Amino acid sequence: MLLTIVAGALLLRQADPNAPGSLLPPCAFEWLTGLYCPGCGATRALHALAHGDPARALAMNPLLVLSLPAIALMLARVAGWLPASWQPLTWRLSDARPWAVVIIAYAITRNLPWAPFSWLAPGGIH
């Protein structure tokens, strides 16, 4: 798991998803529907983080960026890297129901054409 994370970070340091003809593919959902999915901008957000630009990362996909600490905790739990005292917190974080509500609400609101919801679209404030 750690090797995959390091390899992904190295790829994001080298490949620019913002460049035309990038090695990293664009969102197929947006291409097919014209709508932003909850993951739209995630690659660009991770690319920005790999280059030390948290403001740009937040502009690309704020939900992903703000969720990264929780995701890291859940991955650490799965890998067995957390002390037992952290188990109750990580079990709560692993409950899919609240995540489903947040992700669905995010998918809907980031496609609304007026502020402040339009700020959730990849690229931030338009």
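In the predicted model, the search for paired aromatic rings returns one aromatic pair. The two partners are Trp-114 and Phe-117, whose rings meet edge-to-face, with 6.5 Å from centre to centre and 85 degrees between the planes. Neither partner falls in the buried class: Trp-114 has a relative accessibility of 47% and is therefore counted as partly exposed, and Phe-117, with a relative accessible area of 30%, is likewise partly exposed. Between these two positions in the sequence, the peptide bond from Ala-115 to Pro-116 adopts the cis form, with omega near 5 degrees, and Pro-116 itself belongs to the segment after α7. A further aromatic side chain, that of Trp-91, has a charged neighbour, since Arg-77 is placed over the face of the Trp-91 ring at 4.3 Å from the ring centre.

The overall architecture is helical, the secondary structure amounting to seven helices and zero strands, so that the order of elements from the N terminus reads α-α-α-α-α-α-α. Along the principal axes, the C-alpha atoms occupy a box of roughly 45 × 35 × 25 Å. Of the 126 residues in the protein, 27% are buried. Among contacts with a separation of 6 or more, 44% are made by residues 24 or more positions apart.

Two pockets were examined in turn. The largest pocket has a volume of about 350 Å³, and its lining consists of 13 residues, of which Ile-5, Ala-9, Leu-12, Leu-46 and Leu-68 are the closest to the pocket centre. Three helices, α1 (2–14), α3 (42–50) and α5 (62–79), each give two or more residues to this lining. In terms of residue character, the lining of the largest pocket is made up of eleven nonpolar and two polar residues, with no charged residue.

The second largest pocket, with a volume of about 260 Å³, is lined by 16 residues, and those closest to its centre are Pro-25, Pro-26, Cys-27, Thr-43 and Arg-44. Here the elements that supply two or more lining residues are α2 (28–33) and α3, and α3 makes the greatest contribution, with three residues. The lining of the second largest pocket comprises nine nonpolar, five polar and two charged residues. Helix α3 is thus named for both linings, giving two or more residues to that of the largest pocket and three residues to that of the second largest pocket.

Helix α3 also has a set of buried residues, namely Ala-42, Ala-45, His-47 and Ala-48. The cover over these buried residues includes α1, α4 (54–60) and α5, and two of these helices, α1 and α5, also take part in the lining of the largest pocket. After α3 comes Gly-52, for which phi is positive, near 75 degrees.

Towards the C-terminal part of the chain, two buried positions were considered individually. Ala-107 is found in helix α7, and its relative accessible area of 19% places Ala-107 in the buried class, for which the cut-off is under 20%. When neighbours within four places in sequence are left aside, the contacts of Ala-107 are with Tyr-36 and Pro-38. The C-alpha atom of Ala-107 is separated by 24 Å from that of Leu-12, a residue 95 positions away along the chain; Leu-12 is also one of the residues closest to the centre of the largest pocket.

The second position, Pro-122, is located in the segment after α7 (96–109) and is classed as buried because its relative accessibility is 9%. With residues up to four places away in sequence excluded, Pro-122 touches Tyr-36, Cys-40, Gly-41, Arg-44, Ala-59, Met-60 and Arg-110. Tyr-36 is accordingly a contact of Pro-122 as well as of Ala-107, and Arg-44, another contact of Pro-122, is listed among the residues closest to the centre of the second largest pocket. Pro-122 and Cys-37 lie 85 residues apart in sequence, with a C-alpha to C-alpha distance of 10.0 Å in space.

Notes:
Residues are numbered from 1 along each chain as its sequence is written. This is a predicted model: local features need pLDDT of at least 70, side-chain atom pairs count only at pLDDT 80 or more; totals for chains, interfaces and linings use all residues. Side-chain values use heavy atoms; hydrogens and water are left out. Rings of Phe, Tyr and Trp (its six-membered ring) pair if their centres lie within 6.5 Å; planes under 30 degrees apart count as stacked, over 60 as edge-to-face and the rest as tilted. Buried means under 20% relative accessible area, exposed over 50%, partly exposed in between (1.4 Å probe, protein chains only). A charge sits over a ring if NZ of Lys or CZ of Arg is within 6 Å of the ring centre and within 35 degrees of the ring normal. On a 1 Å grid over the protein atoms alone, a cavity is a set of points where a 1.4 Å probe fits but cannot get out, and a pocket is an open set with protein on both sides within 12 Å along at least five of seven lines; lining residues have an atom within 4 Å of a point. Grid points are joined across faces, edges and corners, and a volume is the space filled by probe spheres set on the points. Helices (H or I, at least four residues) and strands (E, at least two) are DSSP runs, numbered from the N terminus. Ala, Val, Leu, Ile, Met, Phe, Trp, Tyr, Cys and Pro count as nonpolar, Asp, Glu, Lys and Arg as charged, and the others, Gly among them, as polar. Contact means heavy atoms within 4.5 Å.
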